[in-house]
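Got the structure open in your viewer? Let's take a walk through it, one selection at a time.

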Amino acid sequence: QIAVLIGIAHALVIYRVIATAIFSQSRFELLREQADTVAVVTGAVLHYVTIVIMTKVRARAGWAEGLLQKPRTFSQRENNFIVKIFTFQFFTNFSSLIYIAFFLGRINGHPGNYVRIAGKWRLEECHPSGCITDLFIQMAVIMVLKQTISNAKEYLQPWICHKLRKKRRPRKKSLMLGEEEVAEDPCKRHWQRNYELNEVNVFSLFDEFLEMAIQYSFTTIFVAAFPLAPLLAFCNNVLEIHMDAIKMTRLHRRMVPRKANDIGIWLQVLEAVGILAVIGNGLVIAITSDFIPVQVYKYMYSPCVAGNSTGMDCSTGYINHSLSIFRIQDFEPDTKHRLAPTGLCCRYRDYRNADDYGYTVQFWHVFAARLAFLILFEHVALCVKLIAAWYIPDVPQAVKNKFLRKKHNSLHKKMRWVMPQEV
């Protein structure tokens, strides 16, 4: 299964590389100019399609694996199933996002020594404004599609099934001449109406918990790159609450209630997502965005360091400082004949020397600053999380007092029949 996910991630990368090359040669000017953006959007749509397909496949495979396992208790079997399905769904949903956030534009080499697929197509570059733009587009497309198409399917499928079941219901026999119509039993009518509703299974509540856990992952892990994710999730939940209420009361049969102290292992899943969110956002700020390189330039290489630039913006000259020089004659042999005469140079985003194209001192300064920021950010965020968890109780004191009061009243009523009444 992990091999399948890795293969899908590689296939999406290859698709985006080939799609960029094809779109850049299109006859339409708009498509040529926005080839990178179109490739990112279509790649995100294709990734959503793979998410839908792999979700169906994994649900069947996970149920079969659950039948083969023989844990000691039902709760252990349920916990194992939840952990496996969530892990698979997590990597299915976030494989392309992880690639864009942490690998895109960093494993494609540099001018004169590009990494190519099949020796022909270069690996894609980040958007000119930075890799965080590609991450923003990818998350926006996936979340919008999940919250529209998936929710529509989640409601329309049981609604259509319910209508079809009602049409297949046998009609009442017409009364013969002289026969009297017998009043229908109200209980029988209620049972029949409930029988016509769609069946519920063990996956009914599991699918709802899984959907909320994946949505929580989207709204927390890469929220630094897509701040609109919580707003989209809020709007989706407001609508979905009403749709689920209609679905559970009018389209599905009543569920068999089962006692539970809490949400079970889902609590540990959400806590793990919270920790991953701290790490993921720290990596996005430190690695994907240009926040750290800009700060390093301001405090180490900008005109403000000399102290004779009163009133000047300290970020002036950052773009020129972040570009390296490449000599045209150092291109690959098969591209030399297409280029301008020898002696010209071009600029590209990186910290490399103009002689041997090795990393400069500025690169290692930025790398050390990124590492220091990541460690500091994670420790501070995790400490704040632990303090908040300690200070804010899981169950409010008012709720605890209410339960204790109810328990006290119940015991008091029982004791009235045991203790003799005082005269």
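Start by selecting Ile325 and Arg347: the bridge partner of Ile325 in strand E6 is Arg347. Keep in mind that this is a predicted model. Now widen the selection to E5 (residues 323-327) and E6 (residues 345-349), and you'll see two strands that pair in the antiparallel sense over five bridges.

Turn on the side chains of E5. Which of them are buried? Ser324 and Phe326 point to one face and are buried, while Leu323, Ile325 and Arg327 point to the other and are not. That back-and-forth is what you'd expect, because in a regular strand the side chains alternate between the two faces of the sheet.

Stay with E6 and pick Arg349. Its side chain meets that of Asp290 in a salt bridge, 3.0 Å from N to O. This pair links distant parts of the chain: Arg349 sits in strand E6, Asp290 in the loop between H9 and H10, 59 residues apart. Arg349 counts as partly exposed at 45% relative accessibility, and Asp290 is partly exposed too, with a relative accessible area of 28%.

From that loop, hop over to helix H12 (residues 361-391). Want to try a distance? At 1.5 Å a residue, the 31 residues of H12 should span 45 Å, and the end C-alpha atoms are 45 Å apart, which agrees. Next, highlight Phe363, Val366, Phe373, Leu374 and Glu378, which are buried in H12. What covers the buried residues of H12 includes helix H9 (266-288) and helix H10 (291-300).

Now select Lys247. How buried is Lys247? Its relative accessible area is 6%, so Lys247 counts as buried. Lys247 forms a salt bridge with Glu154, the closest N and O atoms being 2.9 Å apart. Here again distant parts of the chain are linked: Glu154 is in helix H5 (residues 131-167) and Lys247 in helix H8 (residues 229-251), 93 residues apart.

Add Asp244, whose side chain meets that of Lys247 in another salt bridge (3.5 Å, N to O). Both lie in helix H8, three residues apart, about one turn of the helix. Asp244 is buried, with a relative accessible area of 13%. Add Glu208 as well, since salt bridges that share partners join Glu154, Glu208, Asp244 and Lys247 into one network. A search of the whole structure finds five salt bridges.

Last stop: the surface. Select Val41, Val45, Leu46, Val49, Ile53 and Val57, a nonpolar patch with about 430 Å² of accessible area together. Zoom in on Val49, found in helix H3 (residues 35-68). Val49 is partly exposed, with a relative accessible area of 37%.

Note on methods
Residues numbered from 1 in each chain as written. Predicted model: local features only at pLDDT ≥ 70, side-chain atom pairs only at ≥ 80, totals over all residues. Heavy atoms only, no water. Helix = DSSP H or I, 4+ residues; strand = E, 2+ residues; numbered from the N terminus. Expected span 1.5 Å × (residues − 1). Buried < 20%, exposed > 50% of the residue type's maximum accessible area, 1.4 Å probe, protein only. Contact = heavy atoms within 4.5 Å. Patch = residues over 30% accessible without salt bridge, like charges linked within 9 Å, V, L, I, M, F, W, Y side chains within 5 Å. Areas by Shrake-Rupley, 256 points an atom, 1.4 Å probe, with all protein chains shown as cover. Salt bridge = Lys/Arg side-chain N within 4 Å of Asp/Glu carboxyl O. Pairing = 2+ DSSP bridges.
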